[in-house]
Amino acid sequence: MSDSRQHVRPEKETSGELSPEFATAPMGLAREPLITGYRGLEWISDEATRFNEGGAPSWWRAGLLVALSLLVLGVVIVAYLVTTGVGVWGVSHPVMWGWATINFVWWIGIGHAGTLISAILFLLRQQWRTAVNRVAEAMTIFAVLCAALFPIIHVGRVWYIWWLLPIPTSNAVWPQFHSPLMWDVFAIGTYLTVSILFWYLGLMPDLALMRDRARRPVSRFFYGLLCLGWTGSQRQWHHYEKAYLIIAGLATALVVSVHSIVALDFAATQLPGWHSTIFPPYFVAGAMFSGFGMVLTLIIPIRSLCGLENLITKRHIDLICKVTLATGSIVAYAFVVEACHAWFGGKPYERFMIWNRVVGPYWWAFFVAVACNFLVPQAFWFRKVRLNLRAVWVLSILINVGMWMERFVIVVGSLHRDFVPSNWSYYRPTWVDVCTFAGSFGLFFTFFLLFLRYLPVVAVSELKSIASACVWGCSSTSDGPDTRR
Amino acid sequence: MTTDANTTNAVGPGSGEYGLIAEFAGAGEVLRAAERLRASGFQLWDVFGPYPVPGMSAAMGLKKSSVGWFGFIGGAVGFIIAMAGIWYLNKVDYPLPIGGKPFFSPFSAFPTAYELAILFAAIATFGGLLVLIGLPRVRHPLFGHGRFALATRDRFFVVIESADPNYHRENTRRFLETIGAVKVEVVTM
């Protein structure tokens, strides 16, 4: 049955007849299935929740231990930073935005792929998203949390961070809303809130499934509480589907706006290398590219470690690689356009900045960024590479490195040689910078590993929806509908 | 259930009986059953399943969901609050001269208003959804029914409440069986 599965949900399927899509599609063009070894709806639940229900494997315990250690390191380092001052970082004039800003942009960019998979691909009715969207959304939320950490700690006097919010205060001075940094506060706050809402909305039916499968009363109680008493009634599904669609639309608006506003933090300044109209779309494309890199980095180990090979197939990896290639090409294009702007703009400072990027003291960062963001994704043109999971995993890590370097080039590469040569300096991070970054990984992976263990890792109800839509379409044969026992 | 059917057939809401639960073999069967149920004039009934069956809302005759209005109103409120708020904070209450820019400009206020509109719209949509579907709800008579836990897994159920004016335990049970129910049971409160 799985050979003929097309994964095109018929508009309205009322009987066992073949829908037009099934009837007309030539068998030679049949796509690879999105679910392999399909054995009924309950089998999907079993496959999807296997990792939640068994005992915790040793790799998970070890991973959590490492992540928690890094998190503790991060907490200690942030405490040291807050009690001492941002001077413990390598930032100094003229490079006043160092690793903290790079990490912020990098983490927030990673979040974007999750929203793209969960919202934009949903609106485009890409059914392959259903197996990976839960993981990607979790990645988004934890990445945005990590990102939000950096602007908070880099203000130095963390206890004044509430000044960013328009709260009536005794000193009566309000935040000024002309500044992109203020826009950022609202962009990140909204992004985090809406991502959590969207994620939770998708989780509700699956939490009800966890409640109904739970063997221990305590799990039943907590999953029952978390799913808010979901019954799976059609009157609930009816409103639910509409609400999900609307929030997907709203999240789509965030995919393009959040990183645009982050880009405006740079573009609204007058610094050559930052002051550029191409920045918002450039940043959005870069965000998606790096995010898809991170999705690949996470998905490939998860599918084998959590036993999800049947639900997250090689076809999923193949498709994610294609999107990575597409977004990577946009980033490469933006690289070229940026250089052309400098070349044809005729501004000496702008021209100097580009030359300085390529042959200046940070030439190595530029080289790594170009190699990882431009050359590495070219491998994804080849199907053989896309289906070789080890290769894809290594390439995805290179993409993550490349996109971090790209932000390094933008931030440090533009700052370190100021308008006045006597200001020029060579920025170096300190061990505190490195440990803060490592600490953010601890935060990310602690949350992520807890998510893997205690929440359904794939969108079970959506998978059942696409699986049965297709089985119905093909079920006029003696195989019968899958739900019959 | 084995008590004399003639006297207990007519049950009201106070009888401790929530209704009848009918199990169906699959999504196609329950969809056809829903069409028959709708035609038969029952009002307090619902279909339960592990995923939204395509075409089921139409089969049950459900009206278009109004959850979009919550989102729209939330978004509009968020946008207006942000625009009016920034105007008041930066122009009226404490004007801050920044680089010779106007104290209030809709353009520099737009990004904040855009984000706040989305934030309010999303929260209102989610809140509106909870209002419309009556959640959170901790207790439900169906949770006490053993087989109902299969509704989130792979089974499809139809439930007709005893409060429905057309409800008659034996007649309704027979009706459910004629429209394809595999198993019909009584749900107690």
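**Exercise 1. Place A:Pro94 in chain A and describe the peptide bond that leads into this proline.**

Solution. Start with the location: A:Pro94 sits in the loop that joins helix H3 (58-84) to helix H4 (99-123) of chain A. Keep in mind that you are looking at a predicted model. Next, turn to the bond from A:His93 to A:Pro94: this peptide bond is cis, and its omega is near 5°. For background, most peptide bonds are trans.

**Exercise 2. Find the cis peptide bond that ends at B:Pro136, and say which elements flank this proline.**

Solution. First look at the step from B:Leu135 to B:Pro136, where the peptide bond is cis with omega near 0°. Then look to either side: B:Pro136 belongs to the loop between helix H5 (106-133) and strand E3 (156-161) of chain B.

**Exercise 3. Work out the phi value, the location and the exposure class of A:Arg125 and of A:Leu228.**

Solution. Begin with the background: most residues other than glycine have a negative phi.

- Step 1, phi. A:Arg125 has a positive phi, near 55°. A:Leu228 also has a positive phi, near 65°.
- Step 2, location. A:Arg125 is found in the loop between H4 and helix H5 (129-154) of chain A. A:Leu228 is in the loop between helix H7 (217-226) and H8 of chain A.
- Step 3, exposure. A residue is exposed if 12 or fewer other C-beta atoms lie within 10 Å of its own. A:Arg125 has 9 C-beta neighbours inside 10 Å, so A:Arg125 is exposed. A:Leu228 has 17 C-beta neighbours inside 10 Å and therefore counts as partly exposed.

**Exercise 4. Describe the surroundings of A:Thr430, beginning with its loop.**

Solution. Step one is the address: A:Thr430 is in the loop between helix H14 (389-415) and helix H15 (431-454) of chain A. Step two is the neighbour count: A:Thr430 has 15 C-beta neighbours inside 10 Å, so this threonine counts as partly exposed. Step three asks which residues A:Thr430 contacts, leaving aside its neighbours within four places in sequence. These are A:Val88, A:Trp89 and A:Gly90. Step four adds a distance to this picture: the C-alpha atoms of A:Thr430 and A:Gly87 are 9.9 Å apart, although 343 residues separate the two in sequence.

**Exercise 5. Characterise the packing of H2(A) with H6(A).**

Solution. Two packed helices are described by the angle between their axes and the distance between the axes. For helix H2 (residues 41-53) and helix H6 (residues 180-213) of chain A, the angle is about 75° and the axes are 12 Å apart. Angles of 65 to 115 degrees count as roughly perpendicular, and H2(A) and H6(A) are therefore roughly perpendicular to each other. Now name the residues: on the H2(A) side they are A:Ser45, A:Thr49 and A:Asn52, and on the H6(A) side A:Leu209, A:Met210 and A:Arg213. By class, this contact has two nonpolar, three polar and one charged residue.

**Exercise 6. How many residues does each chain bring to the contact between chain A and chain B, and which elements of chain A take part?**

Solution. Count the two sides: chain A gives 62 residues and chain B gives 60 residues. On the chain A side, the elements that supply two or more residues are H2, H6, helix H8 (234-267) and helix H16 (460-473). H8(A) provides the largest share, 17 residues. Sorting the chain A side by class gives 30 nonpolar, 22 polar and ten charged residues.

**Exercise 7. Give the make-up of each chain, then describe the overall form of chain B.**

Solution.

- Step 1, chain A. This chain has 16 helices and zero strands, and 50% of its 485 residues are buried.
- Step 2, chain B. Here there are six helices and four strands, running α-β-α-β-α-α-α-β-α-β from the N terminus. Buried residues account for 43% of the 189 residues.
- Step 3, radius of gyration. Chain B has 26 Å, whereas a compact globule of 189 residues would have a value near 16 Å. Along the principal axes, the C-alpha atoms of chain B fill a box of roughly 90 × 35 × 30 Å.
- Step 4, domains. Chain B is assigned domain 1 (15-62 + 136-188) and domain 2 (67-133). The centres of domain 1 and domain 2 of chain B, taken over C-alpha atoms, are 44 Å apart.

Methods. Residues are numbered from 1 along each chain as its sequence is written. Chains are lettered from A and ligands numbered from 1 in the order in which they are written. This is a predicted model: local features need pLDDT of at least 70, side-chain atom pairs count only at pLDDT 80 or more; totals for chains, interfaces and linings use all residues. The radius of gyration is taken over C-alpha atoms; the globule rule is 2.2 Å times the number of residues to the power 0.38. A residue is buried if 20 or more other C-beta atoms lie within 10 Å of its own, exposed if 12 or fewer, and partly exposed in between; C-beta atoms are placed from the backbone. Axes are lines fitted to C-alpha atoms, for helices over the stretch in contact, and angles run from 0 to 180 degrees between N-to-C directions. Angles under 35 degrees count as roughly parallel, over 145 as roughly antiparallel, 65 to 115 as roughly perpendicular and the rest as oblique. Two residues are in contact if their C-beta atoms, placed from the backbone, lie within 7 Å. Ala, Val, Leu, Ile, Met, Phe, Trp, Tyr, Cys and Pro count as nonpolar, Asp, Glu, Lys and Arg as charged, and the others, Gly among them, as polar. Domain bounds come from an automatic or database domain assignment.
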